[in-house]
Structure formats: structure tokens, C-alpha cells
Amino acid sequence: MPITLTINDRPIEAVAGQTILEAARANGIVIPTLCYHPALPIVGSCRLCIVEVEGARTPQAACGLVAREGMIVRTETPALARDRRTILELLLANYRDAEYTAADRDDTEFEHWVKLYGAQCPPGSTPRPQRKVNSDPNPFVWVDMNKCILCTRCVRACADVQGRFVWRPNGRGARTDIVAGLETTMLEARCESCGACAAFCPTGALDNKMSVDAGKPDKKVTTTCAYCGVGCQFDLNVKGNRIIRVTSTPNAPVNGMRLCVKGRYGYDFAHHPDRLKRPRVRKYLLETPNSKHQIPKSSLQSEWVEVDWDTAFDITARKLREARDTFGPDSVGVLTSAKCLNEENYLMNKFARQVIGTNNIDHCARL
Amino acid sequence: MDDVADYARAMLIIGSNTTEQHPVFGAMIRQAVLKRGVKLVLADPRRIDIAEFAALHLRQRPGTDVALINGLMRIILEKGWEDQKFIEQRTEGFEEFRTTVMQYPPEKVAEITGVPTASLHKAAEILATNKPMAVMWAMGITQHIVGVRNVMDLANLQMLLGNMGVPGGGVNPLRGQNNVQGACDMGGLPNVYPGYQPVTDAAAREKFAKAWGLAKDEGGRMKDESFALSGKVGMTVTEMIPAAGEGKVKALYILGEDPVMSDPDTNHIRHCLEACDFVVVQEIFPSETAQYADVLLPGVTFAEKTGTFTNTERRIQMCRKAIEPEGEAREDWWITAELAKRVLAGGNLQSPISDAPYAGWNYENTAEIMKEIAALTPSYAGVSHERIEKGERLQWPVKGADHPGTPILHVGAFPRGKGKFAPVEHLPPAELPDDDYPMILSTGRVLYHWHGGEMTRRAKGLMEIYGQSLVELNPEDAERLGLNGNRRVRITSRRGAMEAEAWVTDRVPPGMVYANFHFPEAPANELTIAALDPVSKIPEYKVCAVRVERVGGNQ
Ligand code: SF4
Ligand code: SF4
């Protein structure tokens, strides 16, 4: 049974059990949040999502408030804006930005709301970092607890998405810190470097270490991981023909926000200097282009020569034809690749069977 | 996978180190255990990470999976936990199967597998009384000479319990590389065309011969008989490379594979590739295999091309080009097509008839190739880039342009009508420990690396965390070898030797060592045995006999 309620003077239909926040979002109404994330359990601690409900004496946190028939809700009023600014200013009092990141990066969620509500750093609070910037040796996750606002999204991401329980709040009240394990390094606390905590962090206290200075991408391209058969999807962030980071694409069919260390951080091989950039042939192939079978197999001794594509294709085509026409199609073997596209595998199958005439085609599924 | 994570009430993970090899699925399983109280039974010789989340961990000896599964099924039958209705209506061959299984009483199974009878009873109860129950397996099941038997026996178990064709049930193979499923679907196998249409089937041959222009054309001109599509099943990779060593295979075209790193018995592979007349390797890096190439063609990474991958649950998804190819490297599909044109242009008996619908090699993009695939592959008939780009979620079979795909297989019926129970007997591994080689070596992957390591060894952070090969060794064995402080070991098998740092841990049981094959300086596959499953031709990576000694220090 759908429920009808009113948000900001608009009649809204909600599903039974939906919260005000969910119902608002489903109808394109933005309510600011920090500790809330749709993929995490609700804690309702930051109170940025407060709304006014007719009949209630105080503003209510929308993330935990279940929609009821006939409710009348307001999400943006001058009083709420004032309250939100106060909440943000309290957080700013303990938030210190050491300004190491490139100026052209996107605002974090936190910065976005700070700007939107015009929150100012309260006078008297020290802008200098109180804690070590980049305090954990994990090669993938950047830790700068000067920016921590204690939303505990990382704690929940690690526990409820990854099932690893690395992060935990330590201490009480204003002296609370988020620490890894028993105040060890992340890896010692059994971190698997999946990057979920960084992906969920709204302030950049946890971030992708490889990308901290990388700035804003020119474009984001949703694609599928090249490592294992789970088939996770994510966004490649590209700037100037380089992949600068991987971000989760929340509605990925298989994995949602989840990724593993290889998918999230194993992309830099694409730009490795070892990449083959031009076709190469062994020198002996250029020296005796017409002799057929007399050439001793000397590839290991013969040095590589970089050539253009035409030369490489011509030599390869000639050698494959020779084998096929001299010794029969079954003297040629084709190994296709479980790393390559379906379309490429199809072509390799067609190549072996149509062009060469053999069924000697396989890949390493067995291995 | 989401159906397993959301609906299964029990799970059996066997031969899969899920949290390291399929990490995101592993994380989903952990949440299913934590949030939904799913009962997980893990069957693995090693105490791998997911063991922490298991209700029960069976540490069967490597290579004794069939005995274990048969033993569990016998207990299920004795307790009357089988799904009689499912067996009657949906299966055949039950009686014969039952006779075989009854020969595996718990005491005998305990003796073969080393799993105590009490654990066998408990496991059978968990798996049989919580429904639906999902079985997950990976290469720990297939990389044995009895790999195919293992897989059949897991299907037996699920038919016995009526867990086939239901969300949260089934047998769920976890494929290794990201597009193993797609490579198989696309005919990257010696016995089938795309969509598993057998090359031995004359009708299938005719279909492809016509499509590819190898049949008689309209005017009645005949192609040379010797070049019609071959009906002879081809060689597998594990046959092809030795054949190159024997001079039967003269030329190899290798796309994105690194058999030197990933195939068993490396020394032999090196020798074979060296002996082969002509090897062309299409790769992104100068791989170990590339050293044996005569021509190297620079392909591109997944970030530089557009097309589709098919994941382990048959889901067809887009890979999208994000960056331009490095240097003169080119999309692999383009390279193959160009090469095909050149070979065909060389003038020979076989040049295809030009007016056959799919004879040519002029492709603008992979969307066009997918059209050809859809036309010739019934299970991909309704697949197109347009549909996926529109946001449709397609799992094959997708039988037509308006067919929504098939998230769960075998609902209501098996493709062959009834599911057949296949009685399977235990067979010991090809090589067992003896006095000279007293320990068992098993090989596999670790979280931070991938396969032959060509990509992950070139990812800086991954190397920071896991920069050298570690060999897992039980503390008891370490003590026996006198490994105090001195952690370097040499492992020797009948085929070769390697040295690596030992990680002394009770993850492995006494008598077993575990090595990965990600690092060329610690090439585990110099040791492994090229003993193959007779049907699948998969090598027995999970069991071979070795000797372990410490390196250096005073003896
Ligand atoms: S990277 Fe993953 S495992 Fe490590 S602390 Fe963050 S969420 Fe937990
Ligand atoms: S992100 Fe990890 S789990 Fe997901 S597909 Fe890639 S390798 Fe597999």
C-alpha cells in the first residue's frame, strides 16, 4: 500500500517502510546528509538531514524517520538552514585541511554542504593539521585524520560492505578518533585494501593514495573489470589520456559500491613503461624474407627490430600461410585469450576455423 | 551471484579461495553469513580466510574431493534427506548412482580424506537441511586429473537435494580470468563453435561454412574439399604446446596468454616454444612467453577498447574505451581482422566466397562483430551493444531481441530433459608423496596478484604489499626443516625446482606446501605436473609431490 504524504508542499507517494529521506530522494528532493549512505546501515548521528514535521516540536532526522500517511514535511526552511550551518561549523572546528591536494579537484561531499550553507570556520580554531597527514603506510588508502568528522562511514563500510572490521571509534566524546585495529597500521589490522572506506568517506580523510593530487577527471567511463570473473563495474576517471583513479559506480549490477584491491587500484599497469608500443619482429625474418624452411629457428639469438604494422602483418601472414599450405591447417595452433573481449574471441575462433581451417584453438580456462 | 548472496540458506564452498580470488563475491558471502546467518561449509585443505566465517571447515586431503562428496551423499541418503520428488520428476540414473555412493561409508571416507566422521555427519546435516543450498567451486575442483568427476559429483549432490534451478541454489563455478566464460562461449575451444555447437556435428559445420563463405556458392563452384571446415576436434592448449615441441605444430598464434607462466611444467613449455618454427604473440607486455616469439604484436588493455565480457554468471557487460591506445598499439580485434585479411589475400585455395553473409573481415567496430555473433550463436541471439547500452541486464541464453535473458539456469527443466546422475568413483592423484618427494604441493593465486602477474606485477602498490612470492609452510614442517629465522626454502619436484621465501603458517596442514604462480623468479609451474584430466585436459595443479629444503644456513 503506497503512503501519501506532503514534502515541501508537494504530494509524494512513498512505499510502506520507506524513510522520509528515501521518499524525498526517490522524488528528486535533496536533503543534505553526511553520515548517511544508501549502501550502509543508518546511524543518524550527524543530524544534517533534519527536517520539520508538522506536529513535532523539534526537527527530526529524515534518515531514520519512517514515512506515515498524511505527514507534512519541510526540508528547507530558514531555521533548518541555520541549524545545518551550526552543525557544519561544529564539524569545521575539528576539521583541518592541510591543502595538499590539487586545486582543481571536485569538492568532497562535506565541502559541498559547507559552501552551500555558508558555514565558516569558527574564530579561534587552529587551521593547522594536528595529526600526521598521510599517517598510514597502506599503498592505496590515504589517511589524513585531520579531516575526519566522525561520521563512521568508514567503520560501517569496512564492517558492512567488506566484512573486515578494520576501523573503529576509539575514545569518547570530543576526544574520539577513528583508528585501525588496536591503533596499528591498516594492514596489521587485516585490511584487504579494497578501498571501500575511502570510497565512502565524505571528507577525504580517507582517500585513494594514488590519486590524491590527481585533480578532476576530464571524463568518467563506466567499464568492467579486467581481472576476475565476478565482473565488477566501475568508473575509470581519465585526465589527459591517463587513468587517474577508479571510482565506484553505485548501480553496478554485480557489485554496487564494492570493489577489490585489484579492480580499484590495479590499473596503473595500463601506463607502465614496459607496454609494447610498436610491432616487433626478429631480425632474421627481415634478413631472409624469401627462404622458406632453411632458416634455423634462431629467434632467441636474433634481436628484435621494431617495424611498422604492414611489415609485421606481411611477415606473420606469410609464415602462417606457409605452415598451413605446406604442412596442413592442423599444423597451426591458435591460443585465444580469457582476458580479451567476446568479440575478439569470436574473431580468433573465426580466424582458426575459417582462415586457417583448423580446430586447434583454445585458451587458458583450464589454468 | 546476488541470488546466492540473497537467497541461499546454506553454502558449500569447495576448491575456491573465494575472498582472495573472487574478492567481491567473497565479501558478499561474508555479509550473507553475518547478516542472514547463512550456514557455510568450507571444504578446503587450507585454512583460507573465509574459514573464519564457516560454520564448519572440512580439511580434506588434496585430491580426495570425490570421496568426500560421495561420503556426504551417502549420509544424506541414509538419513532420508534427499529430495525424492525432484529425483523422480527431474532426474534419471538414480539407482545406479545410489549403488556407487553406498560404497562410501563414513569410516572409509574419513580414512581417504582425513576428515573425521563426526564432521562428515555434521556437514551433511547442514547442507541437506538448510534450503536452498548453493555450491560454489573454482579451480580447486577442476585442476585435478579427476576435475571433471569432481564437477559431476557436485551436480549429483545438488540434484540429490533438489537444489537445481532455484534462486540461491545450483552449482556455481567461479571462473578464473574475467572472460573465461566469454572465451568458451565464443568458440575459443577445440571442439565447439560459438554457443557450444560441436564441430563434429555436420549441421553445425554446414551452418558456419555457409556463413563464413566456405560452402558451395550460388554458381555451384566447389571449394577445395581439404579446406572445408574441419570436423576433427582440435588440440587443447595442453596438447598444442607439446605438439609444437614434437614438430607437429609449426606455427602458433598466441593472443594475450602466457603459457610459460601459467602452464604446467615450465621447462618443457620453454623447450616446446623454442622448437616451434614460428610463434606470433599479441600482448600488452613483453611476457615470459614473448621471449619465444618471432613476431610481437602490441595489443591494448581493457581501458583502450570497447566490447563485451561475460562474467561467471553468464552476464554480458560492456567494457568501454576510456583512453587512446599507447603508442602504435591497436585494439586486438582490429589486429586479428587485419591479419586475417592478409592471410586470405595471399591467394590460396581457401579464400572465402565474398558474398557469404559473414565471410569478410571488414569490421568498423565491435558492435558489428556482435551482430555476427548474435546471428550465429543461439544463446547470444538477442545480445547487442545497443541493448546493453540501454541499461538492459542480460544473462545468456538471450534467445531473441525481445527475450529478457536467463538469470537462473535449469528452472523447471534441464536442457537434455532430465538431469542424469553420473556415478563417480574416487581416484587418487597422479603423483602422491613418497620417500623422495614426501610433501604435497598445491598452487594457486593470492589476493594482490593475478595469474602470471603480467599486469599486477606492474602495479606499484600491489607490489608494495605483496612484492615477492611466498610459499606457505606449516610450522611443524618448518621446525622439522630447521627453519628458525632462516626462511628461504627450495622446493624440488621430479620436473624442476624453485626457491622462495617461506611463510610459516597453519593455513596449510602439515605435509602440504602452497605456492602461487605470479612471479617469474619463483616459477611454481617448473614443479607442477602435466598430468591431465582425460576429458577436460586440465592439468593437476592442485597436487604434485615435492621435497622442501631450507636454503643456506648451516645444515
Ligand atoms: S580498504 Fe577495505 S579492508 Fe581496508 S580498511 Fe578500508 S574498507 Fe576495510
Ligand atoms: S574488482 Fe576484484 S572482485 Fe571485482 S571483478 Fe575485479 S578482480 Fe574481481
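## Where chain B meets chain A

Together, chain B and chain A bury about 12100 Å², and 61% of that area lies on carbon and sulfur atoms. Keep in mind as you explore that this is a predicted model. The size of an interface is often given as the accessible area lost when the parts come together.

**Who takes part**

- In this interface, 167 residues of chain B are in contact with 116 residues of chain A.
- Look for B:V24, B:F302 and B:R342, which supply 6% of the area that chain B buries against chain A, more than any other three residues.

**Charged and polar links**

- The rule finds 13 salt bridges across the interface of chain B and chain A.
- To see a salt bridge for yourself, find the side chains of A:D310 and B:R342, which meet at 2.7 Å, N to O.
- Between the two chains, 72 residue pairs are in polar contact, with both residues at pLDDT 80 or more.
- On the side of chain B that touches chain A, helix α16 (residues 332-345) of chain B gives the most, with 12 residues.
- Sorted by class, that side of chain B has 89 nonpolar, 41 polar and 37 charged residues.

**Strands that pair across the chains**

- Strand β15 (residues 332-335) of chain A runs parallel to strand β9 (residues 251-255) of chain B, and 4 bridges join them.
- You can pick out one of these pairings by starting at A:G333, whose bridge partner in β9(B) is B:L252.

Conventions. Residues are numbered from 1 along each chain as its sequence is written. Chains are lettered from A and ligands numbered from 1 in the order in which they are written. This is a predicted model: local features need pLDDT of at least 70, side-chain atom pairs count only at pLDDT 80 or more; totals for chains, interfaces and linings use all residues. Side-chain values use heavy atoms; hydrogens and water are left out. Contact means heavy atoms within 4.5 Å. Buried area is the accessible area (1.4 Å probe) that two parts lose on being put together, summed over both. A salt bridge is a side-chain nitrogen of Lys or Arg within 4 Å of a carboxyl oxygen of Asp or Glu. A polar contact is a pair of N or O atoms within 3.5 Å; within protein, one must be able to donate a hydrogen and the other to accept it, and residues adjacent in sequence count only if both atoms are side-chain atoms. Helices (H or I, at least four residues) and strands (E, at least two) are DSSP runs, numbered from the N terminus. Ala, Val, Leu, Ile, Met, Phe, Trp, Tyr, Cys and Pro count as nonpolar, Asp, Glu, Lys and Arg as charged, and the others, Gly among them, as polar. Two strands pair if DSSP finds at least two bridges between them.
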